[in-house]
Amino acid sequence: MKPDKNNNMNAHGTKPHEGMNMKPKATRAQLLAVALLTLLVLAASVIIAAIYGDFMMGAKNMGNGSMPGMSMGNNNSMSGSKDNTSMPGMNMGEIKAPVPVSSLPPAPMSSVTQMNGLVMPPGMIMTSDMSQEAMEDMAAVDLTKITYTAPSQAVGDQVLTPRIENGVKVFNLEASLIKWNILPDKQVAAYAFNRQIPGPRIRITEGDRVRIVVKNNLPEATTVHWHGMILPNKMDGPADVTQKPIEPGASYNYEFTAKQRGTYFYHSHKDVDRQQTLGMYGALIIDPKDKTNISTYNKDVVVQLQEWTFKQGYTFPAMPMEGLLPNLFTINGKAYPSTETINAKVGEKIRFRFIGSNNGFIHPMHIHGGPFKIIETDGNAVPAAAQIEKDTINVAPGERYDVIWTAREKGKWLLHCHIPHHTTNDNVEVQGGGGLMMVINVT
Ligand SMILES: [Cu+2]
C-alpha cells in the first residue's frame, strides 16, 4: 500500500478530516477587522438599550392598567414574541392573579371644596380660566339664602286656585329658595315656585284668559316661560331675549289666552341650567272646551321627572358633566318609596301625563302589567288610527306624553324609569327600588 501523503497523524494524535487545511485562510488583518466590528455592534446595542429601555420597570408593572395611560390585557404580547425570555423577569401570555386586596392602597375620599366662598362639588374639573359666573352657576345652593323649610311630608304639584278679575283667571307664583324633603332622610335645597317641588299645578280650560303674576323672592333675577304655548312674544319669557329679567323683589305679569289644550308646563328661563334644574317648573294643564270625542279614563296622574345632585348635605344643579351627574331622582318632587301610590280597580283606565320637566336627562318610562296607548304628544291629540301602544316611552327634556294604561290584573304594578341607576337612591335600593319609581296598586 502506497503511503498517503495526507494520511499523517496530527499533533493530538488524531487523524485530520479529509480536505482540511491546518493553516488558517484569513489573514491577521481580516481577523482584527471582524473582531473590531463585533465590538462596535455590541457597544451600539448597549447604548441604544440604555437610551430607549426602562430598567426601572418590574414584572408587577405589567398588571392590568397599572401603567399610566396604558391599558394592557393579561394576555399581552408586548415583545411581539411568545418567547418568555424575550423580556427578563416577565411571564408573558399567562393570566395573572390580581394583587391581594390587603396590599392595595386605601381609596382617597373625594369631598366638596370651596372656591371664593362658593361650594363646589367633588369630581368637578376646575381650571384657572373658569369664570366666577361659571362657578356660581355650578356651585351648591347657598344655604344662608334659604327662606323657608317645607314640612318633610309636604307634596308639590298642588292645584293652584285662581281669583277672577274681570273675567281673567289670575294666578300668583312666587319664586324663592327652600329646603325640601325628597325622602324622609334627604332634604335638598331647591329653587321653588310657591314653596313646593314641583311648582303648583295651573289647570285651566281652552279659551281661558289668564294672568300669572310672578313675584321674585330669589336672591337673583329670573323669568318664567310657558312651554309650548302659542302667545304674544313678550309673554314668552326668555330673559334678555323677549324681556328684562325680573330682579329680586320685583314682579312681572304674564297674560295670554289659552288657545291650545293638553299637557304643558312652565319653567324658569333665566340661568335655566341652574334654576329649572333645581326645581323651578310646574305643570300647566289645559282641559279641552269641547269634551266630546276625547279619551275616557278613571284617573288622571301627572308624572314630572327631575334629577338631583346631592353631596355631603349640599345641593348642586344636576347636569350631564363631571362632578354634577345626579345621584337622586324624583317623580313629582319625591323619590321612591316616598312617591305617591296610585290606587285603581281592575278594568279602570289611568291617564298618565309624563312631563320631561328636568332639563338634563332622558328617561325611558316603563309601566309593568301591559302596554299603554299614546293619546297625546306635547299637548297635541294623536289621531285614533295613529295611537300606537307601547310599554316604554322615552321622555326627553321638555317632552310630554299622555298615555292611557288599563289595570288588567290585580297586584302591585310598577311605573319606573328603565335606566337602572335612576331607580336607586344614591345607588342604594330601598323597598325594591328608588328614584323614578311608583306603585300602581290594583285591587
Ligand atoms: Cu331615567
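## Two turns with positive phi

Let's start with Q312, which counts as exposed with 11 C-beta neighbours inside 10 Å. (A residue is exposed if 12 or fewer other C-beta atoms lie within 10 Å of its own, buried if 20 or more do, and partly exposed in between; the C-beta atoms are placed from the backbone.) Q312 isn't a glycine, yet its phi is positive, about 50°. You'll find Q312 in the loop between β13 (299-311) and β14 (314-316). Strands here are DSSP runs of E with at least two residues, numbered from the N terminus.

N116 tells a similar story: this residue is not a glycine either, and its phi is positive, near 50°. N116 sits in the loop between β1 (113-115) and β2 (118-120), and it is exposed, with 9 other C-beta atoms within 10 Å.

## What you're looking at, and how far to trust it

This is a predicted model, where local features need pLDDT of at least 70 and side-chain atom pairs count only at pLDDT 80 or more, while totals for chains, interfaces and linings use all residues. Residues are numbered from 1 along each chain as its sequence is written.

The protein chain has an average pLDDT (the predictor's confidence in each residue, from 0 to 100) of 88, and 84% of the residues score at least 70. Residues 1-21 stay under 50, and the model gives them three contacts beyond four places in sequence. Here a contact means that the C-beta atoms of two residues, placed from the backbone, lie within 7 Å. The stretch 57-86 also has pLDDT below 50, with 29 contacts beyond near neighbours in sequence.

## Strand β8 and its two partners

In a regular strand the side chains alternate between the two faces of the sheet. Take strand β8 (residues 209-216): V210, I212, V214 and N216 are on its covered face, while R209, R211, V213 and K215 are on the uncovered one.

Strand β8 pairs with β5 (residues 168-183) in the parallel sense over six bridges; pairing takes at least two DSSP bridges between two strands. In this pair, V213 of β8 stands opposite N172. β8 also pairs with β10 (residues 251-257), this time antiparallel over seven bridges, and here V214 stands opposite Y252.

## A four-strand open sheet

There's also an open sheet of four strands, in the order β7-β12-β11-β9, with mixed pairing. Strands β7 (199-205) and β9 (224-227) are at the edges with a single partner strand each, so one side of each has no neighbour in the sheet. From one strand to the next, the twist averages 20°, taken between N-to-C directions on a scale from 0 to 180 degrees, with axes as lines fitted to C-alpha atoms.

Inside this sheet, β11 (residues 262-268) and β12 (residues 281-287) run antiparallel, joined by six bridges. F265 has A283 in β12 as its bridge partner.

## The core, and two cis bonds

The largest nonpolar core (buried Ala, Val, Leu, Ile, Met, Phe, Trp, Tyr and Cys residues joined through C-beta atoms within 7 Å) has 77 residues, and those with the most contacts inside it are A190, Y191, A192, V214 and L284. β5 gives the largest share, seven residues. Leaving out residues up to four places away in sequence, A190 touches I178, W180, I197, L278, G279 and T315.

I197 also takes part in a cis peptide bond, to P198, with omega near -10°. P198 lies in the loop between β6 (186-193) and β7. Another cis bond joins Y336 and P337, with omega about 10°, and P337 is in the loop between β15 (328-331) and β16 (342-344).
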